[in-house]
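Visitor: Could you pick one part of this model and take me through it up close? I'd like to know what surrounds it and how the pieces around it fit together.

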Amino acid sequence: MKTSLKVFWLGMFIYAISFCLVALGETTLSPGKDPLLGFACAFMAFILPFMHVQDALSHNVPLPFPAWVYIYILICGWINPVFIVSAVLYLIGRYSRAVAILRIVLLSMIPFTWIFAFYYLRTYPREGYFLWIIGMLLVLFSEQIGTIFNSQRHFVTATKTSA
């Protein structure tokens, strides 16, 4: 198996594990009392805007957040679907330009989690959040990381044979 595919699958494993770990820790200023697991963060970021808009439209309930916050929540909620699409396109191997564009889009979406979760909700990152980011980065840059490992391996082999 190619080194880049090994890095890819390691990244996917870390990404998947991150959903089972605590992603956001709560502070005394944040809305809840318990830390949030990764899957709960992903689900809430994806579903919450639609639930609030549905309540506002069907039950005439005011939106609990300002409008600008919903833009941040929508962007945060779409990080995982964009990541999955880019990972699948990478595995197919025929859409390298689309993968490169999605990589840039995804990397530009991540800071929105900092603003929404850490600033607005007053939470702090925990192990699940860091593994989520590391897993995505390993997958998104698996080709480049694999190339680096292969070049180092060839350098070490060439050094041993010349010595």
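**The largest cavity and its surroundings**

Guide: Let's start with what faces the largest cavity: its lining has 6 nonpolar residues, 1 polar residue and no charged ones. Keep in mind that this is a predicted model. The residues doing the lining are F8, S86, A87, Y90, V99, V139 and L140. The space inside comes to about 30 Å³, and the count of cavities of 30 Å³ or more is 1.

Which elements give two or more residues to that lining? They are helix 4 and helix 6, and helix 4 has the largest share, with 3 residues.

So how do those two helices sit against each other? Helix 4 covers residues 79-92 and helix 6 covers residues 127-140. Their axes are 10 Å apart, and they pack at an angle of about 30 degrees. Angles under 35 degrees count as roughly parallel, and that is therefore how helix 4 and helix 6 are described. Helix 4 passes helix 6 in a left-handed crossing. On the helix 4 side, the contact uses I79, N80, F83, S86 and A87, while helix 6 brings W132, M136, V139 and L140. By class, that makes 7 nonpolar, 2 polar and no charged residues. Go back to the cavity with that list in mind: S86, A87, V139 and L140 are in the contact, and these four names also turn up in the lining.

F8 is another lining residue, and following it takes you to a second pairing, since F8 belongs to the contact of helix 1 with helix 6. Helix 1 spans residues 3-18, and its axis comes within 7 Å of that of helix 6, crossing at roughly 155 degrees. Over 145 degrees counts as roughly antiparallel, which is therefore the label for helix 1 and helix 6. This crossing is left-handed too. Helix 1 puts in V7, F8, L10, G11, M12, I14, Y15 and S18. Facing them from helix 6 are G128, L131, W132, G135, M136, L138 and V139. The split here is 11 nonpolar, 4 polar and no charged residues. W132, M136 and V139 are worth marking on your display, as they meet helix 1 and also take part in the contact with helix 4.

Now for something to set beside the cavity: the largest pocket, with a volume of about 480 Å³. It has 26 lining residues, and those nearest its centre are L24, C41, M44, A45 and F116. Helix 6 shows up again among the elements giving two or more residues, along with strand 1 (22-26), helix 2 (38-59), helix 3 (67-77) and helix 5 (96-120). The largest share is from helix 2, at 6 residues. By class, the pocket lining has 18 nonpolar, 7 polar and 1 charged, whereas the cavity lining has no charged residues.

F116 also leads on to a further helix pair, because of nothing more than a shared name: besides lying near the pocket's centre, F116 is part of the contact of helix 5 with helix 3. These two axes come within 8 Å and cross at roughly 130 degrees, and the pair is therefore oblique. Helix 3 passes helix 5 in a left-handed crossing. W68, V69, Y72, I73, I75 and C76 come from helix 3, and they meet M109, F112, T113, I115, F116 and Y120 of helix 5. That contact divides into 11 nonpolar, 1 polar and no charged residues.

How values were computed
Residues are numbered from 1 along each chain as its sequence is written. This is a predicted model: local features need pLDDT of at least 70, side-chain atom pairs count only at pLDDT 80 or more; totals for chains, interfaces and linings use all residues. Side-chain values use heavy atoms; hydrogens and water are left out. Axes are lines fitted to C-alpha atoms, for helices over the stretch in contact, and angles run from 0 to 180 degrees between N-to-C directions. Helices (H or I, at least four residues) and strands (E, at least two) are DSSP runs, numbered from the N terminus. Angles under 35 degrees count as roughly parallel, over 145 as roughly antiparallel, 65 to 115 as roughly perpendicular and the rest as oblique. A crossing is left-handed if the near helix is turned anticlockwise from the far one by less than a right angle, and right-handed if clockwise. Contact means heavy atoms within 4.5 Å. Ala, Val, Leu, Ile, Met, Phe, Trp, Tyr, Cys and Pro count as nonpolar, Asp, Glu, Lys and Arg as charged, and the others, Gly among them, as polar. On a 1 Å grid over the protein atoms alone, a cavity is a set of points where a 1.4 Å probe fits but cannot get out, and a pocket is an open set with protein on both sides within 12 Å along at least five of seven lines; lining residues have an atom within 4 Å of a point. Grid points are joined across faces, edges and corners, and a volume is the space filled by probe spheres set on the points.
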